[in-house]
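Student: Could we go through this model together and ask what stands behind each term?
Tutor: Gladly; here it is.
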Amino acid sequence: MAGIAVSTTINGDAFEYLCQPDETLLDVLRDRLGLTGAKEGCGTGDCGACSIILDDRLVCSCLVLGAEAEGRQVETVEGMAHGDQLHPLQQKFLEHAALQCGICTPGFLIAAKDLLAKNPDPTEEEIRFGLAGNLCRCTGYDKIVRAVQDAANVMKGA
Amino acid sequence: MNFDPRFSGRKFSSVGTRPLRPDGIDKVTGRARYGADFNMAGQLVGRVLRSPHAHAKILKIDTSKAEKLAGVKAVITAADLPDLTDGDAGMYDVLDNCMARGKALYDGHAVAAVAAVDASTARQALKLIEIEYEILPHVTDVDEAMKHTAPLINDAIFTEGLEEKPAKPSNVTKRSQFGHGDVHQGFGHADVIVERSFKTEQTHQGYIEPHACVANVNLDGTADLWVCTQGHFVYRQHCAQLLGLEASKLRVTSSEIGGGFGGKTHVWAEPVALALSRKAGRPVKLVMTRDEVFRASGPTSATSIDVKIGARKDGTITAAEATLRYSSGPYAGTWAEIGAMTAFACYKLDNVKTVGFEVLVNRPKTAAYRAPSAPMAAFAVESAVDELAKELGIDPVEFRIKNAAQEGTRSSYGPVYGPIGIGPTLEAAKHHPHMKAPLGKNQGRGMACGFWFNFGGQTCVDLNIGMDGSVSLAVGTVDVGGSRASLSLVAAEELGIDYAQLKAVVADTSSLGYNDMTDGSRGTFSSSMATISAARNAIKILRDRAAQTWDIPVDDVVWENGHAIAKGEKYGNLAALSLKEIAAKSGTTGGPIAGHSELVADGAGVSFATHICDIEVDPETGAARVIRYTVIQDAGKAVHPTYVEGQYQGGAAQGIGWALNEEYIYGKDGRLQNAGFLDYRIPVCSDLPMIDTQILEIPNPNHPYGVRGVGETSIVPPLAAIANAVSNAAGVRMTHIPMSPPRVLAAIEAERGG
Amino acid sequence: MVIVRRQFITVGETVMTKGETMRYIRPLSIEDAVGLLAGSSGTAAILAGGSDLLVRMKGGFVEPDLIVDIKAIEGLSEIRQTPDGFSIGAAVPCAVLGENAALKKAWPGVVEAAKLIGSKQVQGRCTITGNLCNASPAADSVPALVAAGAKAVIAGPSGKRTIPVEAVPIGPGKTSLAKGEIIEAILLDNQAPRSGDAYLRFIPRTEMDIAVVSAGVNLTLDEHGVITAARVALGAVAVTVLLVEEAAEALIGRKLDEAALERLAKICSGACRPIDDKRGTIEFRRKVAGVLATRAATTANARAGGK
């Protein structure tokens with residue numbers, strides 16, 4: 001079984017791996033590289049729990065083949081904090097209790113990071129539509145939206 | 001047990017504050033390990049083959065080709081899970097549900113499983129298993145299943161609870177009845193009677209994390225199971241019984257859990273994973289796909305409910321009656337019984353009668369879903385109550401206040417209430433600004449009440465004090481929504497130390513005594529009781545060590561604000577000893593200091609809520625949008641108010657999804673057509689407004705801090721509150737949940753036409 | 001890395017059940033892509049955004065022998081503005097359409113439709129060409145493209161051809177493309193003066209759903225606001241997206257007044273040949289098709305400068 005050799009960059013670090021043609025990037029991250037921060041909630045792009053940023057584009061890693069990461073930049077929740085410094089979104093998710101079970105949290109953090117990168121001062125409605133690809137079943141989204149609003153304020157001031 | 005659980009009315013310093021949760025940092029950095037995030041060396045991938053038929057006899061299973069495929073290490077069928085249930089009918093059903101024995105009873109029923117070196121090989125192996133089915137007629141609708149002509153799902157079932165033993169088998173497994181007084185007479189005194197029939201479709205808890213486990217059975221009969229569950233001790237009991245293992249030799253570790261809401265209270269694939277591991281001699285990881293979660297875990301009941309309520313012109317309800325039919329999947333359940341108990345629990349009624357029927361259908365086994373059975377009953381009853389208020393010309397809140405149950409009321413399901421929160425939540429609703437806010441075009445307001453029992457149960461906690469004065473708290477109730485934070489607050493409160501000095505963990509089944517699962521809103525209620533008890537036991541030892549240090553009688557030592565204090569003027573020169581100071585010397589004063597508690601937490605206070613919501617309906621498309629939502633609920637005492645709010649908001653959101661769009665859709669062939677998040681439509685962020693919460697605190701007299709469970713009640717009122725709002729906005733009474741756009745538009749058109 | 005042919009930058013294979021191999025190939029030229037597809041003996045799949053293909057693979061509905069990733073082919077990931085209009089490469093993600101100011105200004109309805117497909121995550125990958133070739137009657141971008149009069153440029157073993165987009169899907173999951181053929185771009189002409197397009201769909205939630213009914217409308221007005229050209233397309237109400245010519249005829253020569261809208265709704269509802277399914281009923285789709293057509297026409301008319 002000849003695997004496909006892939007060289008890619010994940011959270012700023014160079015990675016090389018072999019994967020099968022039908023293997024998703026999510027499977028590669030979780031099962032081959034031990035990066036289990038991205039979660040599989042559906043495997044069909046409907047829940048957003050596996051969200052990553054691929055070359056500045058927010059995507060579901062379950063809808064990307066591992067082979068497609070060749071030569072590209074991958075960003076996962078594991079790369080959000082800088083050393084011992086949490087990203088403002090991570091900090092605000094904690095402070096606002098924007099997570100209960102926490103399974104959707106990595107996907108929300110990545111999606112919110114992408115949202116704020118493209119729109120640093122979103123309205124509540126823009127946040128809600130911007131995060132509509134991420135399902136949360138615990139919080140009713142209220143505290144998530146508040147955490148993103150608060151993080152946006154902090155990041156604008158920074 | 002030398003422990004007084006009565007409410008003491010103390011002042012709090014930690015309880016009621018809002019610190020960060022101890023498990024938060026792992027969850028925002030992606031380090032928290034859930035069911036599928038754990039691996040063992042040499043682990044195989046397990047996969048389950050499922051019946052595509054709703055009802056079929058399994059004539060033959062040929063696994064030989066699959067076994068020969070390179071990389072396949074084990075193939076199992078029901079034959080590999082022999083019946084060890086010893087006449088325990090409930091456990092036999094669990095076994096049959098894990099792996100069909102002779103008959104597939106629903107689309108998705110497991111019929112075989114494989115363990116292979118990788119996912120792709122396992123998938124290919126499933127395709128090589130040959131099964132010969134004889135397809136049988138099926139029934140998926142609850143009303144259809146009750147008909148005499150319906151296909152029988154289990155011909156050994158004769159309806160229980162009837163006056164005469166039935167001569168023929170039936171899909172109705174049980175009839176139950178509750179109430180008091182004489183409803184016939186009561187209706188005779190009514191000036192107005194409302195009588196209506198309602199239907200609700202089947203919904204799923206919709207937790208984002210699919211069921212996942214890693215199982216390892218060793219040759220010496222010991223085993224390990226890593227699993228996302230709401231109750232690892234219960235999983236241990238069930239798996240041990242089904243596999244013939246000794247319970248104490250099976251160590252079950254509960255992973256972080258990515259949502260459960262009742263759906264992770266039953267074993268599904270875990271015994272299968274253990275059986276695969278036993279046969280393959282290697283660890284097996286088994287993760288359900290989303291499709292499998294919908295088809296083969298445990299959704300809630302579909303229901304059909306008739307309600308009749310009568311009242312006098314002054315607004316006094318004279319009689320109330322309901323007949324409730326709940327589907328339970330292909331196995332006997334008690335879902336209608338629970339619905340029948342909760343239906344009229346909010347009201348003070350002289351004449352009340354509820355009858356429940358448990359109905360078998362060819363759908364997955366019904367499991368608990370947050371206050372199981374109560375939302376559907378509340379939908380029917382609260383819709384009829386609203387209609388009755390309208391017919392009487394009385395404000396719906398005033399009408400409910402007039403008839404609300406109080407302390408001393410005999411509940412419709414039997415017990416007499418202690419201090420309860422239904423009246424206060426209604427009064428709060430009456431005075432809430434939401435009630436007076438103006439409504440726009442095509443908008444309507446609705447409100448409704450809800451009740452849930454709350455559970456207690458077997459609970460066990462260990463509290464260990466380190467020599468540096470830090471404290472670890474080992475609990476056995478799985479943390480589904482922040483209970484490690486709230487239990488740390490309780491321990492900090494009792495010990496008189498800082499929250500930051502504590503770390504709470506969920507212990508595995510080999511490290512702590514048995515705990516019932518986290519269900520019935522019991523996690524914080526019961527484990528906080530055990531935590532208080534364990535802390536008090538530790539304090540006894542701390543006082544003892546101080547007394548020893550001072551060489552004075554222990555009765556002269558009290559514990560205040562985290563310190564041992566020598567009581568009395570004769571000890572005036574003895575400086576108080578902090579927990580930290582006592583802990584530092586523990587090695588020379590008698591060894592480690594710990595407090596333990598094993599108890600049955602009784603007296604979970606019942607819980608009530610009132611919800612208000614505003615809906616806008618597009619009269620041309622039938623689309624209903626929630627534009628404002630308010631939750632008012634009694635928490636007894638909110639230990640960590642932020643997480644209490646989270647429970648209120650989360651339950652309301654699930655109820656909104658149920659009310660408007662979520663439903664299991666079966667085709668004529670008995671197959672589930674929407675087994676995915678694309679067409680099983682749970683609310684997305686842009687579907688909802690902010691959800692306003694108001695926490696009331698009517699102390700539970702049976703808990704030292706007054707705590708009541710808070711997790712479930714919030715899903716009870718939304719179906720009815722939204723139905724009332726949609727009915728008001730659209731000008732037509734909605735009686736079928738979910739109120740999806742085609743149903744709303746059809747109702748509007750029918751009203752226009754008629 | 002296994003190099004099979006010099007111009008293929010990535011190649012891999014995995015052994016499948018029956019001893020066949022699944023190959024993933026990323027060609028650099030459209031000719032090579034066509035050659036691979038034409039030469040394949042089993043099931044070949046084109047991978048652009050993958051938001052349909054990977055879902056079908058995950059569900060076991062398709063097990064391709066060959067996956068041809070077209071994203072490395074020069075020009076396929078670009079939107080080109082030409083004197084005649086726009087050429088949208090087959091591998092351009094829908095999110096990119098929304099970032100192209102000129103396209104958004106010229107064809108707001110098409111861009112809105114493209115940006116309704118799935119989530120932000122899906123829009124980062126999915127393409128309008130893929131949406132068209134998936135041949136779902138409920139595809140969001142297709143009614144808008146049909147209303148806009150878009151054309152598909154097809155490369156194949158016997159050269160290139162250009163056809164109207166409505167000629168691509170011929171039934172649920174089926175296209176008119178022959179073996180070896182591949183759409184390389186979608187063409188949109190420049191909008192005529194005083195024109196506007198709009199797309200609306202009905203979904204039960206506010207996001208993430210597949211359209212239950214949808215409508216795309218493109219209108220051109222004269223100086224007085226009288227409609228001189230119109231195209232009306234409906235989605236999810238028949239086996240393919242419907243171009244409702246009768247609706248266009250009824251609009252041409254009139255202003256978009258109450259009577260015109262009423263007539264439009266009636267014609268559109270009547271043109272539907274819907275089914276009952278998990279997403280909606282026949283009655284619902286008929287009624288709402290008319291409602292959406294009038295709402296989309298109102299927006300298109302306003303965009304064209306009409307009142």
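Tutor: Let us start in chain B, where the buried residues of α4(B) pack against β1 (44-50), α2 (64-68), β3 (72-76) and β5 (110-116) of chain B. This is a predicted model, in which local features need pLDDT of at least 70, side-chain atom pairs count only at pLDDT 80 or more, and totals for chains, interfaces and linings use all residues. Residues are numbered from 1 along each chain as its sequence is written, while chains are lettered from A and ligands numbered from 1 in the order in which they are written.

Student: Which residues of helix α4 (residues 119-128) of chain B are called buried, and what makes a residue buried?
Tutor: They are B:S120, B:T121, B:A122, B:Q124 and B:A125. A residue is buried if 20 or more other C-beta atoms, placed from the backbone, lie within 10 Å of its own (exposed: 12 or fewer; partly exposed: in between), so these five meet the cut-off of 20 or more.

Student: How many residues of chain A count as buried in that sense?
Tutor: Of its 158 residues, 67% do.

Student: Why is chain A called as compact as a globular protein of its length?
Tutor: The globule rule is 2.2 Å times the number of residues to the power 0.38, and the radius of gyration is taken over C-alpha atoms. For 158 residues the rule gives 15 Å and chain A has 16 Å, which is close, so chain A is as compact as a globular protein of that length. Along its principal axes, the C-alpha trace spans about 50 × 30 × 25 Å.

Student: What makes up the secondary structure of chain A?
Tutor: Chain A has five helices and five strands, in the order β-β-α-β-β-β-α-α-α-α from the N terminus on. Both are DSSP runs, numbered from the N terminus: helices are H or I with at least four residues, strands E with at least two.

Student: How do you know which residues of chain A and chain C are in contact, and how many are there?
Tutor: Two residues are in contact if their C-beta atoms, placed from the backbone, lie within 7 Å. By that test, the contact takes 30 residues from chain A and 30 residues from chain C. On the chain A side, β4(A) gives the most, with four residues. By class, that side has 15 nonpolar, ten polar and five charged residues. Here Ala, Val, Leu, Ile, Met, Phe, Trp, Tyr, Cys and Pro count as nonpolar, Asp, Glu, Lys and Arg as charged, and the others, Gly among them, as polar.
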